[in-house]
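This report describes a single protein chain, beginning with individual residues and ending with the fold as a whole.

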Amino acid sequence: MSTRDHKDLIVWQKSMDLLIEIYRLVKKLPKEETYALSDQMRRAAVSIPSNISEGRGRSSEKDYLRFLFIARGSRAELETQLMACLRLNYLGDDDVETALSLSSEISSMLNAMISKLSLKLKA
């Protein structure tokens, strides 16, 4: 694997931006959601860059790929939770616009990384 640091990865940087945005957004949720939806959203948001960095720090590309899949799953989970906030009218379209845009970018990047690494491992 490359010796590049995980902090050099744009997908990790954008994931950290998303994490900060989610922490900002959950402050707007109703108090009764403090230990439910808010907590789940924070966990999912933290999981994305955490799994990218953990996978990057592993010694094999197979392990890295596995952690990228986990990050991709957490991103999808977070997007679902943002959509739930919209449907429950906890947040408006303007509130989630930045988070959903970042989520979409991260999704594209993770998919590209997973595809590239999968092809490399099959070769």
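Leu 19 belongs to helix 1 of this predicted model. With a relative accessibility of 13%, Leu 19 falls under the 20% limit and therefore counts as buried. Beyond its neighbours within four places in sequence, Leu 19 has contacts with Ala 45, Val 46 and Pro 49. Two C-alpha distances place Leu 19 relative to other parts of the chain. Cys 85 is 66 residues away in sequence and 16 Å away in space, while Leu 82, 63 residues away along the chain, is separated from Leu 19 by 13 Å.

Leu 82 itself lies in helix 3. Its relative accessible area is 0%, so Leu 82 is buried. Not counting residues up to four places away in sequence, Leu 82 touches Ile 22, Leu 25 and Met 41, and also Val 96, Ala 99 and Leu 100. Of these partners, Ile 22 and Leu 25 fall within the range of helix 1, Met 41 within that of helix 2, and Val 96, Ala 99 and Leu 100 within that of helix 4.

Leu 78 is also placed in helix 3. Leu 78 has 1% relative accessibility and for that reason counts as buried. Apart from neighbours within four places in sequence, its contacts are Leu 18, Ile 22, Met 41, Ala 44, Ala 45 and Ile 48. For one of these partners, Ala 44, the C-alpha to C-alpha distance from Leu 78 is 5.6 Å, although the two residues are 34 residues apart in sequence.

Helix 4 is the place of Ile 114. Ile 114 counts as buried because its relative accessibility is 4%. Leaving aside residues within four places in sequence, Ile 114 is in contact with Leu 65, Leu 68, Phe 69 and Arg 72. Arg 72 is 42 residues from Ile 114 in sequence, and their C-alpha atoms are 9.3 Å apart.

The C-alpha distances given above are collected here.

| Residue pair | Separation in sequence | C-alpha distance |
|---|---|---|
| Leu 19 and Cys 85 | 66 residues | 16 Å |
| Leu 82 and Leu 19 | 63 residues | 13 Å |
| Ile 114 and Arg 72 | 42 residues | 9.3 Å |
| Leu 78 and Ala 44 | 34 residues | 5.6 Å |

In soluble globular proteins, nonpolar side chains tend to be buried together. Here the largest nonpolar core has 31 residues. The residues with the most contacts inside this core are Leu 18, Ile 22, Met 41, Ile 52, Leu 78 and Leu 82. At least two core residues come from each of helix 1 (10-26), helix 2 (37-57), helix 3 (61-87) and helix 4 (93-122).

Asn 89 is found outside the helices, in the loop between helix 3 and helix 4. With a relative accessible area of 67%, Asn 89 is over the 50% limit and so counts as exposed. Its phi is near 60 degrees, a positive value in a residue other than glycine. Most residues other than glycine have a negative phi.

The protein as a whole has four helices and zero strands, and the order of elements from the N terminus is α-α-α-α. A compact globule of 123 residues would have a radius of gyration near 14 Å; the value for the protein is 15 Å, which agrees. Along the principal axes, the C-alpha trace spans about 50 × 20 × 20 Å.

Buried residues account for 41% of the 123 residues. Among contacts with a separation of 6 or more, 74% are between residues 24 or more positions apart. The exposed area of the protein is about 7,000 Å², and 52% of this area is supplied by carbon and sulfur atoms. The protein has 19 positive and 17 negative charges, and the mean positions of the two sets are 7 Å apart.

Terms used. Residues numbered from 1 in each chain as written. Predicted model: local features only at pLDDT ≥ 70, side-chain atom pairs only at ≥ 80, totals over all residues. Heavy atoms only, no water. Rg over C-alpha atoms; globule rule 2.2 N^0.38 Å. Buried < 20%, exposed > 50% of the residue type's maximum accessible area, 1.4 Å probe, protein only. Contact = heavy atoms within 4.5 Å. Areas by Shrake-Rupley, 256 points an atom, 1.4 Å probe, with all protein chains shown as cover. Lys, Arg positive; Asp, Glu negative; His and termini not counted. Charge placed at Lys NZ, Arg CZ, Asp CG, Glu CD. Core = buried A, V, L, I, M, F, W, Y, C linked by side-chain atoms within 4.5 Å.
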